[in-house]
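Reader: Hello, I am new to this structure and would be glad of a guide. Please pick one part, look at it closely, and then show me how the rest is arranged around it.

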Amino acid sequence: MALHLTEHRAGLSLGTTEIVKVDDEDGTGIGFAVVRLTAGERLSTTTTRETAWLLMEGDVDVHVGPRRARWSRRSLWDDAPSCVHVAAGAELTFEARRAVELTRYETASTRRFAATLYGPDDVREEHRGWGQVRGACHRVVRTIFDRENADAAAELVLGEVITLPGRWSSYPPHHHAQPEIYHYRFTHPQGYGHAELGDAVVKVRGFDTVKIPAGHVHAQVAAPGYGMYYAWVIRHLPDAPYIRPTFDVEHAWVMEPGARTWWPEGVE
């Protein structure tokens with residue numbers, strides 16, 4: 001079972017690129033694709049399962065039934081995200097005013113709930129790890145929707161993490177009972193980082209995707225000089241919704257107030 005997918009490092013072509021399918025034998029039950037539209041292109045679809053589209057870059061008009069939204073995004077690192085989240089049976093149209101890239105997330109659920117359009121002002125942004133162990137795990141976390149703001153019938157949770165150059169994220173290492181997928185981008189074409197999957201470590205680059213099976217401990221680090229972005233999507237399980245992760249006990253001490261570690265004497 002391949003958990004680290006690297007075949008798209010050269011970039012993605014126009015149209016829809018299926019990277020992970022809902023029914024892949026990987027244990028996640030999450031489908032993941034990247035959709036690229038040229039300026040002026042129109043994409044219309046009717047969903048057959050719960051689906052979310054996240055704007056990565058570009059200017060797009062979104063139509064969901066009678067509802068309309070106009071979104072723009074220039075930078076994954078500096079601009080807050082916009083996203084549409086719908087149940088099975090929703091009718092959507094995307095009209096690209098400028099070249100557009102979207103990531104698409106699916107799960108097999110056909111439970112019904114009202115469509116939701118999340119604009120930049122709807123997304124909470126947190127600076128996690130600030131002040132811990134000299135800022136070594138300071139990162140920006142944007143949770144787009146979860147159990148706090150999505151319909152109770154929804155099975156997906158979606159967000160983004162901006163890992164500062166040379167810093168850790170998803171740290172301390174943690175795990176949860178629900179499967180997850182990460183998709184990576186970097187501020188530079190040659191940028192890279194490392195991702196932990198239990199005791200295994202893989203080198204991640206732009207356009208890589210990592211599948212995280214239920215219960216796998218995971219953490220990430222960006223190489224110095226390179227900002228690392230990853231979109232993350234989690235699937236609630238029956239009778240086990242995702243609420244929060246469980247941190248690896250042996251490393252959780254770094255989150256304690258005033259936690260100190262060794263540092264060279266006289267060096268600030």
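Author: Let us begin with D239, which counts as exposed because its relative accessibility is 84%, over the 50% cut-off. D239 sits in the loop between strand 20 and strand 21. Its phi is positive, at about 65°, although D239 is not a glycine. Please keep in mind as we go that this is a predicted model.

A second residue makes a good contrast. S170 also has a positive phi, near 50°, and it too is a residue other than glycine. S170, however, lies within strand 14. With 9% relative accessibility, S170 counts as buried, because the limit for that is under 20%. Strand 14 covers residues 168-175 and also holds P172. The peptide bond that leads from Y171 to P172 is cis, with omega near 0°.

Strand 14 and strand 21 bring us to a sheet. They belong to an open sheet of 5 strands, in the order 17-16-19-14-21, with antiparallel pairing. Strand 17 (200-205) and strand 21 (246-247) are its edge strands, and each of them pairs on one side only. At one end of this sheet, strand 16 (residues 192-197) runs antiparallel to strand 17, and 6 bridges join the two. One detail to find there is L197, whose bridge partner in strand 17 is A200.

Strand 20, on the other side of the D239 loop, leads to another sheet. This open sheet has 7 strands in the order 1-18-15-20-13-12-11, and the pairing is antiparallel. Strand 1 (4-5) and strand 11 (124-128) are at its edges with a single partner strand each, so one side of each has no neighbour in the sheet. As background, strands of a sheet pair through backbone hydrogen bonds, either parallel or antiparallel.

Within that sheet, look at strand 12 (residues 139-145) and strand 13 (residues 156-163), which run antiparallel and are joined by 6 bridges. F145, in strand 12, stands opposite L158 in strand 13. The loop between strand 12 and strand 13 is the place of E155. Leaving out neighbours within four places in sequence, E155 is in contact with E50, T107, S109, R111, I234, R235 and H236. E155 and Y242 are 87 residues apart in sequence, yet their C-alpha atoms are 9.3 Å apart in space.

Now for the interior. The largest nonpolar core has 31 residues, and those that touch the most other members are L54, C83, Y105, I144, F145 and L158. Two or more residues of this core come from each of strand 2 (15-20), strand 3 (30-37), strand 5 (50-64), strand 12, strand 13 and strand 20 (228-235). Apart from it lies another core, of 21 residues, with L197, V210, I212 and W232 among them. Back in the largest core, F145 has contacts that include A52, C83, H85 and Y118, with residues up to four places away in sequence not counted.

C83 and H85 both belong to strand 7 (residues 83-86), where they point one way while V84 and V86 point the other way, and all are buried. C83 itself has 0% relative accessibility, which means that it counts as buried. Strand 7 runs antiparallel to strand 5, joined by 4 bridges, and L54 has C83 as its bridge partner there. Strand 7 also pairs in the antiparallel sense with strand 10 (residues 116-118), over 3 bridges. In that pair, H85 stands opposite T116. Another cysteine, C137, counts as buried because its relative accessibility is 1%. The count of disulfides comes to 0.

Stepping back, the protein has 21 strands and 0 helices. Its radius of gyration is 19 Å, close to the 18 Å that the globule rule gives for 268 residues, so the protein is as compact as a globular protein of that length. The C-alpha trace spans about 65 × 40 × 35 Å along its principal axes. Buried residues are 52% of the 268. Among contacts with a separation of 6 or more, 74% are between residues 24 or more positions apart. As for the outside, where D239 counts as exposed, the accessible surface comes to about 12500 Å², and 49% of it belongs to carbon and sulfur atoms.

Key. Residues are numbered from 1 along each chain as its sequence is written. This is a predicted model: local features need pLDDT of at least 70, side-chain atom pairs count only at pLDDT 80 or more; totals for chains, interfaces and linings use all residues. Side-chain values use heavy atoms; hydrogens and water are left out. Two strands pair if DSSP finds at least two bridges between them. A disulfide is a pair of cysteine sulfur atoms within 2.5 Å. Buried means under 20% relative accessible area, exposed over 50%, partly exposed in between (1.4 Å probe, protein chains only). The radius of gyration is taken over C-alpha atoms; the globule rule is 2.2 Å times the number of residues to the power 0.38. Contact means heavy atoms within 4.5 Å. Accessible areas come from the Shrake-Rupley method with a 1.4 Å probe; for residues, only the protein chains shown count as cover. A nonpolar core is a set of buried Ala, Val, Leu, Ile, Met, Phe, Trp, Tyr and Cys residues joined through side-chain atoms within 4.5 Å.
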